[in-house]
Amino acid sequence: MKYIGIDLGTTFSVVAYLDELGAPKIIRNVDDENITPSCVATINGSLQVGQRAKRHAHNVPEEGAKTFKRKMGEQFEYQVGNDVLSPTDLSALVLKEMKLLAESKIGEIQKAVVTIPANFAHEARDATMHAAALAGLDVEFIINEPTAAALYYAYAEQEDLFGTYAVYDLGGGTFDISIIKVHNGDVEVLASNGVSQLGGDDFDKKLQELVKEKFEQETGKDFDPEDFTEFDAEQEKITLSQRKRTTVQIGRSLIDIRREDFEEALSSLVAQTEMLCEAALDDADLEPDDIKAIFLAGGSTRMPLVLESIRRVFGKDPTSTADVDEVVAKGAALYAAFKSDREGLSDVQSRALDKIQVSESTSMCFGTISRTYNENREEYELQNSIIIKKGEKIPVSVTETFYLAADGQKSVHCRVTESRTTEKNPKFVKIVADEHLELPGGAEEGDEIDITYSFTE
């Protein structure tokens with residue numbers, strides 16, 4: 001049977017499968033590349049995905065869309081030529097392209113796993129599952145990107161991995177840091193942190209701003225963004241990762257950009273990643289010296305500034321033993337086969353999977369809005385009551401007892417909340433579900449109601 005893993009990235013997507021020997025392999029696209037731009041464009045009246053779509057969107061921006069993963073789960077629309085598409089619709093087109101690519105190379109696909117950032121909110125996770133269904137994929141499970149990367153590293157180096165590690169995942173649009181424990185191929189996620197609006201795209205915009213500032217200072221002319229687009233910034237960013245300076249032509253003017261100036265422009269963004277790394281260590285109750293190695297995922301980890309930041313936080317060089325663009329998809333392919341019923345796998349494939357195990361932890365706090373008595377104010381008020389804490393090992397099920405507020409109460413207002421911290425103020429948490437539960441007659445004030453929250457996959 002064929003199982004695939006898809007890294008649905010902000011800027012690039014990758015698909016992998018489990019070969020006859022139980023090893024995850026990348027499926028190359030029609031351009032014979034391992035990575036496919038997560039870009040959609042209308043070309044000659046039809047919606048297309050990939051490198052051609054990216055080039056067309058660069059030349060005719062109103063006919064293309066990119067970085068839509070950042071809007072997953074939000075009420076947002078993109079005008080792509082004559083089509084109005086949601087982030088879910090666009091993601092479904094990318095996933096369908098990955099599915100068709102896989103089928104053209106290995107045949108019919110039975111199951112798939114799609115990756116998501118560890119910090120994705122509930123709505124974004126649901127939107128990803130919906131996009132997979134629209135793409136015609138049979139997806140029962142999703143997996144956090146750094147966990148997928150950790151799973152691949154554990155598989156690839158299982159004889160050498162024993163202890164606590166960090167997985168640093170910085171791609172085009174999101175940043176995740178996970179602290180993991182590995183023992184004989186088993187991967188346990190101890191803590192995760194991150195942000196869904198920080199990545200290579202933000203670095204490109206900072207470079208645009210730097211070029212604009214220098215151009216206007218040196219020429220006294222107004223800067224036209226069309227003379228140095230985000231596409232141009234992406235290419236020069238790559239150059240500055242390899243060289244200490246580059247020269248940009250704006251009209252007839254040549255603007256010299258030094259790597260150190262670019263890195264200074266990025267300092268606030270990089271500082272944010274460092275704080276998140278420190279927070280993840282705190283959540284795991286660990287010190288930097290407790291981390292044996294740092295594994296990398298995501299193309300932005302190739303930047304010298306990022307590598308220096310990792311050294312600053314963890315006190316050691318990161319480990320570079322795999323292609324950072326591929327590790328997430330390969331881990332997802334392993335997870336897809338690992339979560340299968342194994343009936344369609346060969347003995348060789350099954351033995352390869354027997355060497356790995358994975359357990360996730362919650363990256364958010366989940367709770368409900370309840371009424372409590374404030375003794376200082378001598379009045380009742382609403383508060384957010386945490387039921388499942390951040391960092392709980394998945395699957396987890398927790399039951400808490402609450403009490404009815406009045407005699408004859410006919411219903412209970414049930415609101416499921418999500419928060420990054422143990423926030424008690426209802427104003428600062430996200431409501432991810434809002435329903436009224438009808439009660440049987442004869443209810444009295446103080447009657448107990450048990451609320452059970454379960455978090456599975």
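Helices and strands here are DSSP runs, numbered from the N terminus. Keep in mind that you're working with a predicted model.

**Exercise 1. Place P395 and describe its surroundings.**

Start with the element. P395 sits in the loop that links strand 20 (379-388) to strand 21 (396-403).

Next, check accessibility. The cut-off for exposed is over 50% relative accessible area, and P395 has 62%, so P395 is exposed.

Now look for partners. Setting aside neighbours within four places in sequence, P395 is in contact with F455 and T456.

Finish with a distance. From C-alpha to C-alpha, P395 and L334 are 19 Å apart in space, with their positions 61 residues apart in sequence.

**Exercise 2. Work out which side of helix 3 is buried, and what covers it.**

First, get the dimensions. Helix 3 (residues 122-134) has 13 residues and reaches 19 Å from first C-alpha to last, close to the expected 18 Å.

Second, list the buried residues: A124, R125, A127, T128, A131 and A132. They sit on the same side of helix 3, because they cover an arc of only 160° around the axis. The spacing fits a general rule: an α-helix has 3.6 residues a turn, so residues three or four places apart point the same way.

Third, find the cover. It includes helix 2 (87-106), strand 10 (111-116) and strand 11 (139-144).

Last, see what comes after the helix. G136 follows helix 3 and has a positive phi, near 85°.

**Exercise 3. Start from K99 and find G136 again.**

K99 belongs to helix 2. Its relative accessible area is 16%, so K99 is buried, given that buried means under 20%.

Leave out residues up to four places away in sequence, and K99 touches A135, G136 and L137. So there's G136 once more, the residue with the positive phi that follows helix 3.

**Exercise 4. Sort the residues of helix 11 into two sides.**

Take the buried ones to begin with. In helix 11 (residues 347-354) they are Q349, S350, A352 and L353. Looking down the axis, these residues fall within an arc of 160°, so they line one face of the helix.

Now turn to the other side, where D347, R351 and D354 are exposed.

Then ask what lies over the buried face. Its cover includes strand 2, helix 4 (145-156) and helix 10 (327-338).

**Exercise 5. Describe the largest pocket.**

Begin with volume: about 870 Å³.

Go on to the lining. It has 41 residues, and the closest to the pocket's centre are T11, F12, E234, G299 and D325.

Which elements give two or more residues to this lining? They are strand 2 (12-18), helix 1 (51-59), helix 5 (200-219) and helix 6 (230-242). Helix 6 gives the most, with eight residues.

Close with chemistry. The lining breaks down into 17 polar, 13 charged and 11 nonpolar residues.

**Exercise 6. Track down two unusual backbone angles.**

Recall the background: most residues other than glycine have a negative phi.

D32 isn't a glycine, yet its phi is positive, about 60°. You'll find D32 in the loop between strand 3 (24-26) and strand 4 (36-37). With 48% relative accessibility, D32 counts as partly exposed.

T67 is another residue other than glycine with a positive phi, near 50°. Look for T67 in the loop between strand 7 (64-65) and strand 8 (78-80).

Key
Residues are numbered from 1 along each chain as its sequence is written. This is a predicted model: local features need pLDDT of at least 70, side-chain atom pairs count only at pLDDT 80 or more; totals for chains, interfaces and linings use all residues. Side-chain values use heavy atoms; hydrogens and water are left out. Helices (H or I, at least four residues) and strands (E, at least two) are DSSP runs, numbered from the N terminus. The expected span of a helix is 1.5 Å times one less than its number of residues. Buried means under 20% relative accessible area, exposed over 50%, partly exposed in between (1.4 Å probe, protein chains only). The arc is that of the directions from the helix axis to the C-beta atoms. Contact means heavy atoms within 4.5 Å. On a 1 Å grid over the protein atoms alone, a cavity is a set of points where a 1.4 Å probe fits but cannot get out, and a pocket is an open set with protein on both sides within 12 Å along at least five of seven lines; lining residues have an atom within 4 Å of a point. Grid points are joined across faces, edges and corners, and a volume is the space filled by probe spheres set on the points. Ala, Val, Leu, Ile, Met, Phe, Trp, Tyr, Cys and Pro count as nonpolar, Asp, Glu, Lys and Arg as charged, and the others, Gly among them, as polar.
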